[in-house]
Amino acid sequence: MTESLYELSDDELLRYSRQVLLLGWDIDAQVKLKSARVVLIGAGGLGCPASETLVRAGVGLVHLIDDDKIEMSNLQRQTLFLPKDIGQSKALTAAKMLNDINPLINAFGSTERLTDDNAFEVLTRFSGKMPDLLLDCSDNFATRDMSNRLSIRYQLPLLSASAIGFQGQLALFEPDQNNGCYQCIFGDSISDDNRTCANSGVLASTTAIMGNLQANLALQYLGLGNNPLANKLLLWDGKRMQQRVMGYKKDLNCSACQR
Ligand SMILES: [Zn+2]
């Protein structure tokens, strides 16, 4: 780690030089990444590629929350894990790998299940503050529903991704903009749809693509303050190789975000 959160060391300038060179990106954006705190809910198919890209790009604090252990069937798509890691904690194994990939950042893991009751303590555990951005990398609707509630309760921007089969979805909700939430889009279908990767299957590339689309938007949001998906939902269809962006409106009767 370097002395200051507000300047870049020589090692950081060298490591991130291809980004700092980029038109539309600069040292200021890179410094913002360095001081950013990101929490990922889930260290699986989405959480692995998303966190790896964030860490390689220079996000300063990355905290993964996952109570699962690594299984053989995870290795097809969960890119931070090796066969020798089977049986180990996903969150701790991923955090160790991320710290090895980029020693200039700090990655942490938490091994309990995030709940409404422990959320404040877990979300603030390693920085003493709420994260700048919450990434929902979970694989079930119950957790996505809880992420949505926490985003609204603590006014945290929520970057929600999902991947199943050949398809994925992505949206970035900003509660302080009062422009709708996950439930505004999906309504009661949240509890009706029980498909998961475990019961429906997923192509290895679907999670890699969706995790990196999620990272792509996170980097822009954290570094430049851009949300190109404001009031929009991105749909990826890996079979047809098509991406669609559709608009949505805040549901004035939404039981989650109505105020
Ligand atoms: Zn809502």
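## A buried cysteine

C137 is buried, with a relative accessible area of 6%. This is a predicted model, and in it C137 belongs to the loop that runs between β4 and α7.

Which residues does C137 touch, once its neighbours within four places in sequence are left aside? The contacts are L40, I41, G42, L46, G47 and Q214. As for D66, its C-alpha atom lies 9.9 Å from that of C137, although the two residues are 71 apart along the chain.

## The sheet

Let's turn to the strands. Eight of them form an open sheet, in the order β3-β2-β1-β4-β5-β6-β7-β8, and the pairing is mixed. At the edges are β3 and β8 (242–247), each of which pairs on one side only. From one strand to the next, the twist averages 15 degrees.

Strand β7 (residues 232–237) runs antiparallel to β8, and 6 bridges join the two. If you would like a spot to look at, L234 stands opposite V245 in β8. Helix α7 packs on this sheet, where it touches β1 (37–41), β4 and β5. The direction of α7 makes about 170 degrees with that of β5.

## Aromatic pairs

How many aromatic pairs does the structure hold? There are 5. In one of them, the ring centres of F108 and F126 are 4.3 Å apart and the planes meet at 5 degrees, so this pair is stacked. The pair links distant parts of the chain, 18 residues apart: F108 is in strand β3 (residues 106–110), while F126 is in the loop between α6 (119–123) and β4 (133–136). Both partners are partly exposed, F108 with a relative accessible area of 23% and F126 with 31%.

Why does the pair of F120 and Y154 count as tilted? The planes of their rings are at 50 degrees, with the centres 6.0 Å apart, and planes between 30 and 60 degrees apart fall in the tilted class. Here too, distant parts of the chain are linked: F120 sits in helix α6 and Y154 in the loop between α7 (141–153) and β5 (158–164), 34 residues apart. F120 is partly exposed at 49% relative accessibility, and Y154 is partly exposed with a relative accessible area of 22%.

## A ring cluster and a charge over a ring

Ring pairs also join F173, Y182, F186 and Y248 into a cluster. Elsewhere, a charge meets an aromatic ring: the charged end of R144 sits over the ring of F141, at 4.6 Å from the ring centre.

Definitions and conventions:
Residues numbered from 1 in each chain as written. Predicted model: local features only at pLDDT ≥ 70, side-chain atom pairs only at ≥ 80, totals over all residues. Heavy atoms only, no water. Phe/Tyr/Trp six-rings, centres within 6.5 Å; stacked < 30°, edge-to-face > 60°. Helix = DSSP H or I, 4+ residues; strand = E, 2+ residues; numbered from the N terminus. Buried < 20%, exposed > 50% of the residue type's maximum accessible area, 1.4 Å probe, protein only. Lys NZ or Arg CZ within 6 Å of the ring centre and 35° of its normal. Contact = heavy atoms within 4.5 Å. Pairing = 2+ DSSP bridges. Axes fitted to C-alpha atoms, helices over the stretch in contact; angles between N-to-C directions.
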